[in-house]
Amino acid sequence: MTAILNPRVLSALLLGILVGTLGIGLTLGPALQAGVAASANYQRPFPMPHQYWARSDEFYVFASGGQQGGMYVYGVPSMKYLSEIPIFAEDQAWGWTTEDEHVRKMLTNPWTGEVATRGDTHHPSASKTDAKYDGRWVFVNDKQFARVARIDLDIFRTGQILWAPNTTGGGHGFNVSPDTKLAVLNLEHEQYPDENIRRHLGLALDPVKGPYAAGINGIRIADDGTMSNGWQIWGPWQFDMARIGWGKSNGWIVTTSYNTERATDAVGMFKQDHDYLFFWNIASIEKALAEKKYVTSKQAPDVPVISWKDVEVYVTPIPLNPHGLDISPTGKYVLTSGKATTLIVAVDFEKVLQGIKEQKFTGEDFGVKVLDPDFVRASTMDLGMGATHIEFDDQGYFYVGFFVDSDIKKVPLGEPYTTKHGKTPWQVTDVLPAHFSVGHLAVPGGDTAQPYGKYVISMNKLAKDSFLPHGPLVAENHELYDIQGERALLVDQMALGPETHYSQILPVSLVAPKVQRAYTQAKAEPGAKPAVEYDYAKKEVRVTMTVVRSFFTPGAITVPQGWKVKYHLISQETALDMTHGFAIDGYNVSVSMDPGEVRDVEVVADKPGVYWFYCNWFCSELHMEMRGRMIVVPESEWPPAQETRLAP
Ligand code: RUQ
Ligand code: CUA
Ligand code: CA
């Protein structure tokens, strides 16, 4: 204590903090050296956690945020929360606000011009090479507006948002192909489409009473990750989950539908004791495109819309409203579960191909051949109540989550995995209790040809009393199980915001080496000089502003009231973690600039007076001093002499 009160030491420490944050290398003066020596007397807490988690974590978890609109990122096994990635919804904390031109453009529907700042992220799907994660991107869909985003893993930011045409929303099942050239987004919510599409389908649809139509969006992905709308297939049914096959199921898209009744309410959607699992031949889709068997809508004249009748598609019955849909590591088994049944079905894809060849059909529905379930199924298992989703490990087991039972069951797969685990297949060997109500679950690589195993994470829909009470709405609960032994071990729990659907769990080695410490954008504008430009014709002020500890330059600008002010903000920082903010008092503006980031912010200066803009990210000891003025002058008092003049 006495050392702290010594003014000489105190000023030395302060100077130390300042110099430290300014990142300037100085020779230590005698006073400063005294300060360093004094601080060495203080004991550090033990154990010293610095870098411990950075060095010990093995995986990144990219968890969809559901109605949070973005994604959460955390480490495994530490379960340490790392970041949010804002995507479909504005997220001020992470600098994702629509006053930024680029963000607003991404959130603008290209077909209608509407800006959508709400969203519902569901199914992240990582980029792959040969059906194995390659660590380039994570893609994810928004159910509410039927959008798909690409997250660039070098900066953990959204690089592109693609909107599906011809739909009012409800794009749920989403999956990226094993070679990252194709993605599919299913329309879960039925639509009353454009008249060109209606005519092409030839179905009797009613805009008010239903039934409606729906389909699948085929999204093409270029080598640089750029997505484009490739095609749509429409038919009589909605679709829920989606997988693009590999290995034994290579060349096929698999989807489920829980409303083959084509009903418009929950009771109607449960009318039949089964719905369908669909198999779509990708080559037949390309063939229909090549033969120009498609129409286009008025809205999207460049997106071909194919009828289900013009492609090769088969179905097989699955009991009571299937939801979970997952493919085993060799691509052989397609596992699916009904929501209102205790039955889990394993379909053998080799049997599907054989059944098609040998015509093992029991009939047809809307012209689609129905594959005999007895022929194509490897097993129908009675495992528990409220099955949700399924994942695979590296030992030949699958894990299935149960919402009602609040647990995960571990089950050995059939051939060719039996030699690996030596167990009787399709029977439960372990039960993992969950707290509570399992939604999705994830194993690292558990939806690819290369599961890493080791852990299962249960993304529970309800946490109930797992954590300190915090109101009627409580946090979500992610639970970590170690699955390396014969019996799984619940090793950790993590409270997280609402509401994760699926996750992708990628090895640190695939991601960490590529992560940038600063944006390279600012370097692309090396000659950028602060400037203020008045455009009297457009009634616009354009400000080029450099941002670096602890100054905005120019530090003051004058603008006529009612004009648009366009800030081109250039962070000149290169130090890791040195983010600045740009918020304007009394105006709805708050963006952030990560090191080297360039942001373009637009604001209409409609209120007269002196408005301070300031940095709202604590950046250095002079953080609070990092501010400047936007002086809004009533237009009647505006002679050009009021223009901001910058020294040359
Ligand atoms: S959903 S709990 Cu994946 Cu959107 Cu199933
Ligand atoms: Cu810059 Cu605080
Ligand atoms: Ca149904």
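This section describes the ligand surroundings and pockets of a predicted model.

The calcium ion (ligand 3) makes a good starting point. Its protein donors are Tyr-258 (O), Glu-261 (OE, listed twice), Met-269 (O), Asp-275 (OD, listed twice) and Asn-321 (OD1), and they lie 2.3 to 2.7 Å from the ion. Read along the chain, these donors follow the spacing Y-x2-E-x7-M-x5-D-x45-N. Glu-261 sits in the loop between β13 (252–257) and α7 (266–269), while Asp-275 belongs to strand β14 (residues 274–281), so this pair ties together parts that are 14 residues apart in sequence. What is the accessibility of these two acidic donors, Glu-261 and Asp-275? Glu-261 has a relative accessible area of 16% and is therefore buried, the cut-off being under 20%. Asp-275 is also counted as buried, at 0% relative accessibility.

Turning to ligand 1, its surroundings are formed by His-122, His-123, His-172, Met-241, His-323, His-389, Gly-439, His-440, Lys-461 and His-501. Sorted by class, this shell comprises eight polar residues, one nonpolar residue and one charged residue.

The pockets come next. The largest pocket has a volume of about 1100 Å³. Its lining consists of 30 residues, and those nearest the pocket centre are Leu-82, Ser-83, Phe-156, Val-515 and Leu-576. Several secondary-structure elements contribute to this lining: helix α4 (52–56) and the strands β1 (59–64), β2 (71–76) and β3 (81–85) each supply at least two residues. In terms of class, the lining of the largest pocket holds 17 nonpolar, seven polar and six charged residues. Both domain 1 (7–514) and domain 2 (522–642) take part, each providing at least three lining residues.

For the second largest pocket, the volume is about 320 Å³. This pocket is lined by 23 residues, with Ile-155, Arg-157, Tyr-519, Gln-521 and Glu-597 closest to its centre. Helix α5 (101–106) and the strands β7 (157–163) and β39 (598–604) each give at least two residues to the lining. By class, the lining of the second largest pocket is made up of eight nonpolar, eight polar and seven charged residues. Here, too, domain 1 (7–514) and domain 2 (522–642) each contribute at least three residues.

Conventions:
Residues are numbered from 1 along each chain as its sequence is written. Chains are lettered from A and ligands numbered from 1 in the order in which they are written. This is a predicted model: local features need pLDDT of at least 70, side-chain atom pairs count only at pLDDT 80 or more; totals for chains, interfaces and linings use all residues. Side-chain values use heavy atoms; hydrogens and water are left out. A residue is near a molecule or strand if one of its heavy atoms lies within 4 Å of it. Ala, Val, Leu, Ile, Met, Phe, Trp, Tyr, Cys and Pro count as nonpolar, Asp, Glu, Lys and Arg as charged, and the others, Gly among them, as polar. On a 1 Å grid over the protein atoms alone, a cavity is a set of points where a 1.4 Å probe fits but cannot get out, and a pocket is an open set with protein on both sides within 12 Å along at least five of seven lines; lining residues have an atom within 4 Å of a point. Grid points are joined across faces, edges and corners, and a volume is the space filled by probe spheres set on the points. Helices (H or I, at least four residues) and strands (E, at least two) are DSSP runs, numbered from the N terminus. Domain bounds come from an automatic or database domain assignment. Donors are N, O and S atoms within 2.8 Å of the metal (3.2 Å for Na, K and Ca); water is not among the atoms, so sites may look incomplete. Buried means under 20% relative accessible area, exposed over 50%, partly exposed in between (1.4 Å probe, protein chains only).
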